[in-house]
Structure formats: C-alpha cells, structure tokens
Amino acid sequence: MAPPMDDKLENPNKVDKIDDQDLERKIKKEQKAKLKEEKKLKAAQKAEAAKLQAQKPTDDPKKSDRRQRRRDVDEERTEDFIDPATPDGQKKQLSRQMAKQYNPSVVEKSWYSWWEASGFFVADANCSKPPFVIVLPPPNVTGALHIGHGLTAAIQDTIIRWRRMSGYNVLWVPGMDHAGIATQVVVEKKLMRESKLTRHDIGREKFVSEVWKWKNDYGGQILNQERRLGASLDWSRECFTMDDARSKAVTEAFVRLYKKGLLYRDHRLVNWDCTLRTAISDIEVDHEEITEETYRKVPGYEHEVQFGVLTSFAYALEGGMGEIVVATTRVETMLGDTAIAVHSKDKRYAHLHGKCAVHPFNERKLPIICDDILVDPEFGTGAVKITPAHDPNDFEVGKRHNLAFVNIFTDEGKINSNGGADFEGLPRFAARVAVVEALKAKGLYRGAQKNEMKLGICSRSNDVVEPMIKPQWFVDCKSMAKLALDAVMSDDKKIEIIPHQYEQEWKRWLENIRDWCISRQLWWGHRIPAWYVTIEDDQLKDVGSYNDHWVVGRNEQEAIIEAKKIFSGKKFEIAQDPDVLDTWFSSGLFPLSVLGWPDVTPDFKAFYPTTVLETGHDILFFWVARMVMLGMQLGGDVPFRKVYLHPMIRDAHGQKMSKSKGNVIDPLEVTNGVSLEGLHKRLEASNLDRSELEKAKLDQAKDFPNGIPECGADALRFALVSYTAQSDKINLDVLRVIGYRQWCNKLWNAIRFAMMKLGDDYAPPEKLDVKFMPPVCQWILSVLNNAIAKTISSFELYKFSDATTAVYAWWQFQLCDVFIEAIKPYFIDSKFESARADARHTLWICLDTGLRLLHPLMPFVTEELWQRLPQIEGSCRKESIMISDYPSVIEAWSNEKIENDMEIVNATVRKLRSLRPQSDRSERYPAFAICRQHDIANTMRTYEFEILTLATVSSLKVLTENDMAPAGCAVDVVNESLSVYLQLQGTLDAEAEREKLRKRREEIQKKHDLLAQEVNNAGYKEKAPLSIQEEQMRKLNAYLEELKIIDEAEQDLETRICEQK
C-alpha cells in the first residue's frame, strides 16, 4: 500500500507517532507518578504497622534488619529507577535500580542504534571465519510493514544472531524492490490527485523523474520499520533494485541470456491488465472462486458486471446443414472465434468434420475441427468455440491446427475494428451485453445458466485480467529449469528445501514450466536493452513490425555496432524498446547483484553462493525457482544451499489476511500497542467501501475490544517464531503475543531476584566444580545442558518452534518455577552459608548462559538484562551479548541420575500441590510418601528439603508399602512405585477426593487399554523390536500397579467415610 502524500495519511498504519524525546518524557512522567503512588501507599501501610508495633519492642536482630531494609526501600529515589537519556548511537545508560516491572518501550529503546553504530551488523569479506549469508527478500518500495514481514524478520534475525554468536562471518543483506506496477500506480494516483494529470500528459522522462522523487521522499519506510523489530541487517550493503549496480547487473543478464539464445521476442498470450495497460505476471493474478451468478465492481464501469453465467448460443452451419450450439462464460469473445472444436469419436458431429459454421456478425467461416486434447464430449454440448487470441487453451488449439489469431480488444479493453462495426469502441463488458442482445435479435441465443468458475483479478488494479496476444520478450526456461530441478531432486542435490514436502511441488512445476514473459508495458522499471532497427527500404515502418529487426546491447553504442554487423551496408535508424522488464527479473538476480555481480568483487568471492534463502512458500516458483535458474546460468552455481519456506499468516479465525477484508495486522501496532479507536482510524484511511468498512470495524471490536496492549518486539518475535510448527498456515492470535509479553516480565523479575541475592560485591567464579554442589544446583545445570543441546539441534534442523519450546521450558518450568523457588531458603537461614555460595554461582551461570541462549529470539530484553549481570573479575567480556559466544554443552554439567531423581521430586511436588484445598493455599499440611522401591524411598529422603520447600508442606514422612496408609489424607499416585498423601485433617472433602480418584482411574485405564490394544495387534511381536516390546510391557505393568494403588486409596476413603458416619 502506497503512503499518501499528506502528513496525516503518510502511513495509514501509524498511530499517534511520538518522537523519541516526547516518548522519553512521557515514560519518565508515568514512571515517576507510579513510583510516587507506590511510595505513598507503602508509607501509609508502614505508619499503620508502626502504631500496632509501637508497644512491642523486640531484641530479634533479624526482624530489625528486615525493618531497616524496608525503610531503605521506602527511601529509594524514583530517579534511581529511570534510565538516563542516551544520545543516539551510544551505549544505553541504565538506571541504578531495575524498574519494578518490565516495560517493553523502555527496554527496547536505544539498543538498536548502538548496535548499528558499533558495527556489530557488518560483515567482513576478508574475514577468516566461515561465511553465513542470507539475502532479505526485498520488500516493495511502496510497502508498509505487515505481519508477514514481521515473521520473515523474526525468523531470519533469529538465524543470523545465532550464527553470529556461533563464530560465523555473518552477512544479512537488506534491499528494496522497485515494484514496477505498484510504484507506478501510486505515483499516477498522486499525479491525478494533485495535478489532474496522467503520465501521458507529462511524458515519460518527467514521469520517471516524479517516481524517483516519490521514492526518495516516501519510499523505503519499511526498512526503517525492520529496525524496530531488531533486524540486525548489514545496512552498509543496503541496495535498491534500480540503483546503478543492480541496473548494471540486469542489463548484463539480459545481454548474456540473449547471446546464449535463451531470450527471444514473440507474439504470445499474456495476462493483460486493461486498467494498467500492461502484461502482468501470474503472481499478480488473484483467482476468485465464483460459485453462482455474481455481480462485482470492475474499474471503469459504472454498474457492476455479471459473472458466473454460462451463455449458450448457436452458430449456423454452412450450406443449410442446421446449427451447432456452443457455450461460454465470456460471450463477448465470440467476436474473435476462428473455429469450433469437437471430439473425433463423438458420433453426433461425425458428419460435420471438415465443414464450416458461419459467424453471424462478420460472415467469417469457422472450420469444425477435431481436437481430442481439449474437448470432453460428455461436457455441455460437446462442441467448443475456439478463440485463439483470448484464451490459453484455445491458443494451444490454434497452434495445433494453424488457426487464425484474431485480437478483438484494444489495450484499454475496448472492442477494436476486428470485432465489427456494430461493437467497435464498446468496453468489453458492455460488449458482453450487446452481443447477447444481438444474438437474441438473430434468433441464435439459447439461454444461460449459473456456472462455477475462477475469475482472474489483478492484485494491483482489481481489474479482471484479459488474456491477450502481445509481442513480448520471453526467457526460454527449459534448459535452466532442468538444472534447477536436478539441483533439488538429484542424488547429489545442491539445494535442500525445508519443509521437504515442497520438493515435490518444485518437481511438478519445473517439469511443466512455460517460458517466462519478462516485458512489461510500463514506464517505471529497467528499460529493456533492446533496439528496433528500421531499415530505409522496409515496407512497414512501425516499431516491431519485423521480429528479426531487433538488436540487443549494453547501451545504444553496442546496439548500433550490432546493427551494422547484421544489416551491413544498409541505412537504418534504431529506437529502444519502450517496455521495461518484469520486476521479478531483477529480483531473480538479487543474490548475484547484491554481491557485486557481474564484477568479481571481494563480496562475491567471499559470500556467493549464499547459505540460506528464507521466504514464504507462496513465491517458491515466482521468485525462488527463478533465482536458482538465473544463479546457475549466470553465476556458475546455485545461489543458496538451503531454502526454508515459512507458513502463511492468517488471522485468529483462520481467514486470509487481506486489505480488502480489513483484517491485516500491523506488527508495529502489536509492538507499540494501539487503541480500538486507533485500529478503526487505520481502516478509515484504507480503500474499503462503506459496507466492508463497517464489517471490518465490528470484527475489530469483537477481536480487540480494548485495542491491542503494548507487547514489544521481543514478545512478537518469540510468538511468531513459535508458530512455525504450523508448516502451512499460521492462525495468529494476538493473545499469544500478550502471553509472551507477560513472560518477559517473568524474566525481568528473575534477574531482579538475582541482583538482590547476588549483592553489589558479587564476583562470578572463573571455574565451577559442580560435584560438591547441592543437588538442585547440579540439576539445573544438567537440564540447562539439555536445553542448550535441544535449542542448537532445533536451529540446525530449522525447527524453530522446537527451539522456542526448549528455551521457554527451561526458563519457565525449571529455572523460575523450581530452581529459584528451591534456593530461596538458602538466603534466609545462616545454616545454609555454603549452599548459599553455590546457589549464587549457579544462579549467575544460569542467567548468563540462559540469556545468551535466548538472545537470538528476544534480542532487546536479553541485552538489557545481560548488561546488568556482574562480570567475572579481570575477564574480557564482549561489549554486547549479540557478539558474545552462543552457549555450548558442557559435559561436566550433565548428570542423568540427578535429572531422574528431580523428575520424581518435581512430579511429587506437583501431586502434593494438587491435593491442597483451593480455598486454603497458605496453610502447610503434613505430607506422606508411600514408596514401593528402596531407591524411590532414598530419593524422597535425599530431597526432603526441596520437597518441603517447593510443595510448601509442614513435614514429609517416608513410608514403605508395608506401612499403614495415613488416615484423614487426600491421596494421589505419582507412579507405580510412589503415592503421596496430604493430611488435611478436618478439611478433607470426601466427595471431591472420590471424584478425583475416579478421574485418575479413568485416565490410567484409558492409557492401559490403548497400549494393550497396540501390543495385541496382529504382527506386533514380529514387527516391533524386542527393546520396544520390553518397554511397552513395563508400561503396562506400571499402569496395573497404579490402578492397584487407586483401588487401595478408594477402599481406604470409603472406610473412612463409613467410620465418620
């Protein structure tokens, strides 16, 4: 969507933009007000508490210390929690104290400009590190950031940051596409709006100058928006598909392909846009499903046009032989019919083979031909009208049978002289009505019926695409397609496509590839480097009259030299082709041209071929395949080694995001937050008609009744990457992003806790001997190893969702929920002095490593928190987390036994917590564990302190299976060897316990029955490996043991109920 010219509408997706200084003042003001209110509240609470305690002096030094610490907190200055102003490009200055809560706009401020100014994004062509290269799919210069760009940026920046931290010479190249049609349309509308002029009124040269002016003033805002998402692109290599270097590459490619016989000019059928008056590519055609008679708006027509109707009419046969009935959804094209096709074995028409019908409006003879490829005798009348100049299937029939190709439309979509005097000058859809009326007048109309069809609509102009024969430049794709096919499908494949199912799509398309039309009838774009030679004695003087009069050169001088060779001794004039090249042609050269091709630059030698191409699967053929073909043909190698295709984003209801539906989500509205009114304003600035606008507003009010809260770039990135497990489509729910924003607050609080417990004078250790640490410290480092291994392997396999799961699970469920809670007592009681030191060291290592592990996914918050961590004394820590080392597995940390023990401990804690009454979560109750194996009993005793702490129980007594089950307890089963009891005394709800045990029984019974069915299936013992069979049998026995425990618990419960009665 093009940014309009006036300031208010410069970016319709923008909501109340505030400059950095205003934003900083606003944030400081809000923080001061909030802290002031908190201070007042605490002071009031303290005053009340002081009254109650005034008469109760105490000699307890611990209580005195705690009171003093509270007084210290009360006296903290609000300025201590506010970041000082940081000049642009300098390292962010952090507040003395961490804010009480995470604020994404504050945290994400200033870091990016410092990263960029420090040169952290810049690759070095002379570096000895292994290269890792990604080329950003160049967004349109007219574009504003949408959620698809957000997904691309999130995935690619995750890969790039991970590889950069892993020791690679990383290059991520940004660029912009000149977007021929889209940009020309924007500037034409601007010209008409401001001056009431068309491009033809001001001429080509001035119009192109206007486009460049618009590009320099308004184009490219999307790349600045990428910065807001944290995309660490090498801006020193930023390029534009129409800058001098890229233009040189485009010209060189055209000349080389022409000289190799892979480029030619011919009259072919193309997708023609009558509004834009140009051929358009297949990807610019949206196919609308029409299931019944439908009226829709078409540009240039006052009234809606009818579609989805099959019109039948008759052609009279020559010599009074009767008539033949045909049917069409585009009855106006009958003015260009040159034949009627039937099936050779259709007996109804056997007597008409070789005969002719007569056109009712121009007396043209239409031969009755047999074409068994096209005609289905079971469909309709079995006779098909043939319009070779206006239908792709008929075009092929025309070539097979050497038919006449009669074009009946002007470039504007009006009937030309070939359509007959009665219809000449009529717009095509007005002619549709006129032809039907004329057929009725001649008694040839045979009726109409609804008909399902696909209607081709230009995505740029919303006009109905018209197939038209035009002289165009084409790339012969056959030989290049074979190379591209082999690069993916052969045994020694050079390119891997992920997900792998798209390799079959690649095969299907390249095996059936058609030659590529690369010329466009536009003024904005790369002018085709071909000149038409008009010889003095040519009978026809119009440009293009003779197909063999074209010459190709890098410039006009080369073209003249070439013309002199071909037309030696003849007088001639040359004129450059007015057309421009398809935008996809320059985009197809992008991996070559961004690295300096056709020159062998240091960048080209160091970074070609690139490493990965990451993009949406919707442009696998229109862009990816063409890059491979051109890269192999012109660059001598594939342009990249891997292709990762991300899913397409839909809204939370599974609907395709579309400007016409008004359900597009702007990622900056998610990062910055927006009110419902702000969302409505963006819709009002769009091109939606009134009914669509009102529906879109209602949908927004339903989905976002309170607008979208500020989530920040980190939460959005993490959410988008986590969605990639859905390999085809993503149904984006903003609530998920909000959840990750809340998780950022959890990280923030974990660091705040650490900073308080580490203390101002804490110095991290240079080495760590884990063998003598408390078990919980050994455990958290061991599972951290697992998280590191899983994250790295997931990145390597391009399973980004698995990486987010691994990192999130470690931070949330292991570090925050277990480790931090388990070590809190170490900082309260002096008897834990040794364990406290180990806990401090372990906590620091976890946070330092965990932040580096998370950084590629959440760059801003991890940088801010990492910068606050204490440094190892005398160490040369990297200046930024983004250039520090990515974590790797440390074998000394791995401890499988402790992991197994803690798995049982955590399961025990979960069960005990679940037994607590919902109404009384603060009370501590006695707990019991009945163990049916010695090693389980030993584990319970070894980890008694951790269980008491995490489950918040008053005591834990370990019993054996020979002991009596404790009375008055709620019970649950941990596994076949362990059940736990919580003594609730008078608070036990017998009915609730009965229902809990019943549900648990159903759950275990279902698992047992499913597994039993599997092992009893025919052929299981023959097919399943022995190890699998043994494991399955162990599980079955375990389920039976658990059912036995539940039986005993139910019997005990019933006994107690009876006793109470």
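The dialogue below goes through a sheet, a helix, some cysteines and one loop residue in a predicted model.

Colleague: Let us start with the sheet. In what order do the four strands of the open sheet stand?

Modeller: The order is β6-β5-β18-β20, with antiparallel pairing. β6 (278-280) and β20 (516-517) are at the edges; each has a single partner strand, so one side of each is left without a neighbour in the sheet.

Colleague: How many bridges join β5 to β18?

Modeller: Ten bridges join β5, residues 263-273, to β18, residues 466-475, and the two run antiparallel. To find your place in this pair, look at Leu269, which stands opposite Ile469 in β18. Helix α11 (residues 392-401) packs on the sheet and touches both β5 and β18. The direction of α11 makes about 145 degrees with that of β5.

Colleague: Now a helix. Why would buried residues recur at intervals of three or four along a helix?

Modeller: An α-helix has 3.6 residues a turn, so residues three or four places apart point the same way. Take α13 here: its buried residues are Met480, Ala481, Ala484, Leu485, Ala487 and Val488. Viewed down the axis of α13, these fall within an arc of 155 degrees, so they line one face of the helix.

Colleague: What covers the buried residues of α13?

Modeller: The cover includes the helices α10 (244-259), α14 (502-511) and α19 (620-635), along with strands β18 and β19 (496-498).

Colleague: How does the length of α13 agree with what its residues should span?

Modeller: Helix α13 has twelve residues, 478-489, which at 1.5 Å a residue should span 16 Å. Its end C-alpha atoms are 16 Å apart, which agrees.

Colleague: On to the cysteines. How many disulfides does the count come to?

Modeller: Zero, by a rule that asks for two cysteine sulfur atoms within 2.5 Å. For Cys711, the nearest cysteine sulfur is that of Cys744, 9.4 Å away. Cys711 is buried, with a relative accessible area of 0%. For Cys777, the nearest is that of Cys846, 8.2 Å away. Cys777 also counts as buried, at 0% relative accessibility.

Colleague: Last, a loop residue. Where is Asp599 found?

Modeller: Asp599 is in the loop between α17 (590-593) and α18 (602-607). At 36% relative accessibility, Asp599 counts as partly exposed, because that class lies between 20% and 50%.

Colleague: Which residues does Asp599 touch, leaving out those up to four places away in sequence?

Modeller: Asp599 touches Lys248 and Phe604. As for Gln726, it is 127 residues from Asp599 in sequence and 41 Å away in space, C-alpha to C-alpha.

Key. Residues are numbered from 1 along each chain as its sequence is written. This is a predicted model: local features need pLDDT of at least 70, side-chain atom pairs count only at pLDDT 80 or more; totals for chains, interfaces and linings use all residues. Side-chain values use heavy atoms; hydrogens and water are left out. Two strands pair if DSSP finds at least two bridges between them. Contact means heavy atoms within 4.5 Å. Axes are lines fitted to C-alpha atoms, for helices over the stretch in contact, and angles run from 0 to 180 degrees between N-to-C directions. Buried means under 20% relative accessible area, exposed over 50%, partly exposed in between (1.4 Å probe, protein chains only). The expected span of a helix is 1.5 Å times one less than its number of residues. The arc is that of the directions from the helix axis to the C-beta atoms.
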